[in-house]
Amino acid sequence: MSSSRSHAGVLPGFGLSLGITLTWLSLIVLLPLAALVLLAAEQPFERTLAILTDARTLAAYRLSLGGALVAALVNTVAGLLVAWVLVRYEFPGRKLVDGLIDLPFALPTAVAGIALSAVYAKNGWVGQWLEPLGVRAVYNTTGVVLAMILVSLPFAVRTVQPLIEELEPELEEAAACLGATRLQTLRRVVLPVLLPGVLTAFALCLAKSAGEYGSIIFVSSNLPGRTEIAPLLIMNRLEEFNYSAAAVVAIGMLLIAFVALLAINLLQAWTRRSQEA
Amino acid sequence: MGGGLPALAHGGAKSRRAKHLTEPRWVRVLAIAAAIAFLSLVLVLPLAVVWWEALRKGLGPFFSAIGDSDALAAARLTLWTALVCVPVNTVCGVAAAWALTRYRFRGRQLLLTLIDLPFSVSPVISGMIFVLLFGAQGWFGAWLSEHDVKIVFAFPGIALATLFVTFPFVARELIPLMQALGSQEEEAAVTLGASGWQVFWRVTLPNVKWGLLNGVILCNARAMGDFGAVSVVSGHIRGKTNTLPLHVEVLYGEYQFSAAFAVAALLVLLAVATLFARHFVAWRMARDRAAVARADAEPSESVDSSAPRVPA
């Protein structure tokens with residue numbers, strides 16, 4: 001990797017810094033991940049297939065992915081709204097609300113989980129009002145989605161917020177001068193510019209939500225085959241010392257994460273291009 | 001995640017927009033109300049309820065839950081984990097940022113992607129890979145039990161899992177910053193005879209210190225607050241391998257709700273302190289940038305005022 005031909009510039013420390021980086025990356029990230037990949041690859045194909053198509057595995061994937069899709073959709077719309085309101089409108093407490101958005105980044109997921117269950121359980125602040133309506137918001141799939149929304153919210157807002165800040169007022173000015181109504185301007189001029197960012201926000205929320213564990217286990221009933229998310233299935237297989245099954249389920253999740261990662265990178269390249277254009 | 005952590009927004013108050021460039025008043029009011037209602041439901045109420053539940057039975061039970069010996073042991077373990085992981089990942093993050101922004105080499109793009117990898121791995125998987133390596137039936141399991149070394153269900157395992165999940169934070173903050181700064185100043189220093197370490201301590205570090213601090217703050221918050229990865233490798237031994245977030249889970253599982261919320265309230269405080277620290281850093285960063293811009297505008301004035309001294 002460190003061919004001397006490509007080592008340009010006069011600054012010293014190339015060998016040292018790259019050495020530290022590669023050693024540390026290999027020890028902490030690559031070697032452990034390789035153990036996972038090898039263990040999954042060691043399994044005979046039929047067994048891998050059997051684990052992956054097991055009803056419980058499929059249900060777990062469906063819940064983690066399906067829930068993540070719903071949470072990402074909700075957060076994409078809500079995140080766009082919140083970002084727009086924070087950038088464009090003046091209201092008392094705007095700075096405070098803006099600061100609050102980052103909280104889920106810094107909050108341990110277990111705390112988010114027990115907090116949600118306290119608010120939405122049937123005797124909770126919000127739950128007691130939902131109960132007479134026959135709506136149960138926790139200990140079912142709704143709870144799973146709710147926790148996913150909470151933990152991935154900052155990704156949605158903070159991805160589109162800078163794009164709205166950088167919108168050139170001339171674009172909207174021109175559209176208005178040419179006789180467009182405000183709604184037309186928003187739909188035909190503003191939204192297309194924000195679209196790559198909005199899609200990136202969606203992919204980020206999806207990836208974060210699909211892998212989420214800590215907050216969900218407190219607001220789900222965690223029933224195998226029904227409300228058991230994929231990370232919890234991995235956890236349960238590990239507790240049964242069924243390492244190979246845990247590894248196969250994990251590899252499936254890693255593949256999903258990598259597809260999301262690839263999509264995000266392509267979308268970000270698109271965002272950069274559309275900003276330069 | 002691929003994008004890592006989005007940067008803090010610094011959007012200042014916008015001057016009032018012309019009428020044809022904004023929405024009608026009723027739309028604005030409705031949008032603000034909807035945004036605040038949504039945030040209240042998913043963010044504000046859950047946070048408020050933690051403190052409410054923690055203090056509902058009075059201050060006595062609150063302090064006894066926090067002063068409990070298991071809680072104190074969990075707090076100590078959390079602090080030790082952060083004390084080990086943050087410095088190590090800070091040094092590595094700085095090394096990675098230096099290698100990746102100051103040189104061009106084959107595989108650089110790949111390395112950038114690999115550094116981000118832990119962001120896109122589910123926390124549970126981040127913990128389980130260390131069980132696969134060091135667990136009783138893992139690769140090195142037999143060798144470890146022969147030599148009586150405990151990694152999984154002990155502090156080393158917790159530290160390893162935390163190192164994995166906090167790996168990208170410092171590098172992710174520094175790389176874009178150092179890329180944007182360029183290396184002219186450092187090259188000038190080398191040309192003038194400075195050694196590599198002198199360049200780093202006197203030129204690079206003063207330039208990137210706020211970005212570095214921001215990365216350290218994020219790394220620390222995650223190191224103290226991680227739940228999924230640590231819960232796989234910890235084994236949940238009370239008073240021994242429980243970190244604070246795990247202690248919350250144990251108490252909650254034992255139906256000791258007010259104690260669980262008391263410990264959770266501490267973690268909320270930690271999160272709020274993290275946010276305040278980040279805002280302070282963002283504010284100082286903006287101030288330094290403004291000072292540099294002023295110094296650039298008046299070339300007669302010495303630049304020293306904007307470049308704080310850091311002992312070599």
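The interface between chain A and chain B and the surroundings of Glu212(A) are described below. The structure is a predicted model, in which local features need pLDDT of at least 70 and side-chain atom pairs count only at pLDDT 80 or more, while totals for chains, interfaces and linings use all residues. Residues are numbered from 1 along each chain as written, chains are lettered from A in the order in which they are written, and side-chain values use heavy atoms, with hydrogens and water left out.

Chain A contributes 106 residues and chain B 103 residues to the contact (heavy atoms within 4.5 Å). About 9200 Å² is buried between the two chains, 79% of it on carbon and sulfur atoms; buried area is the accessible area (1.4 Å probe) lost on putting two parts together, summed over both. Between the chains there is 1 salt bridge (a side-chain nitrogen of Lys or Arg within 4 Å of a carboxyl oxygen of Asp or Glu). Arg182(A) and Glu23(B) form a salt bridge, with their closest N and O atoms 2.7 Å apart. On the side of chain B that touches chain A, helix H1 (residues 25-55) of chain B supplies the largest share, 19 residues. That side comprises 71 nonpolar, 21 polar and 11 charged residues.

Glu212(A) lies in the loop between helix H10 (182-211) and helix H11 (230-239) of chain A. Glu212(A) is buried (under 20% relative accessible area, 1.4 Å probe, protein chains only) and has no salt bridge, the nearest side chain of opposite charge being Lys208(A) at 4.1 Å. Beyond neighbours within four places in sequence, Glu212(A) contacts Thr109(A), Val151(A), Ile229(A) and Pro231(A).

Definitions and conventions. Helices (H or I, at least four residues) and strands (E, at least two) are DSSP runs, numbered from the N terminus. Ala, Val, Leu, Ile, Met, Phe, Trp, Tyr, Cys and Pro count as nonpolar, Asp, Glu, Lys and Arg as charged, and the others, Gly among them, as polar. Buried means under 20% relative accessible area, exposed over 50%, partly exposed in between (1.4 Å probe, protein chains only). Lys and Arg count as positive and Asp and Glu as negative; His and the chain ends are not counted.
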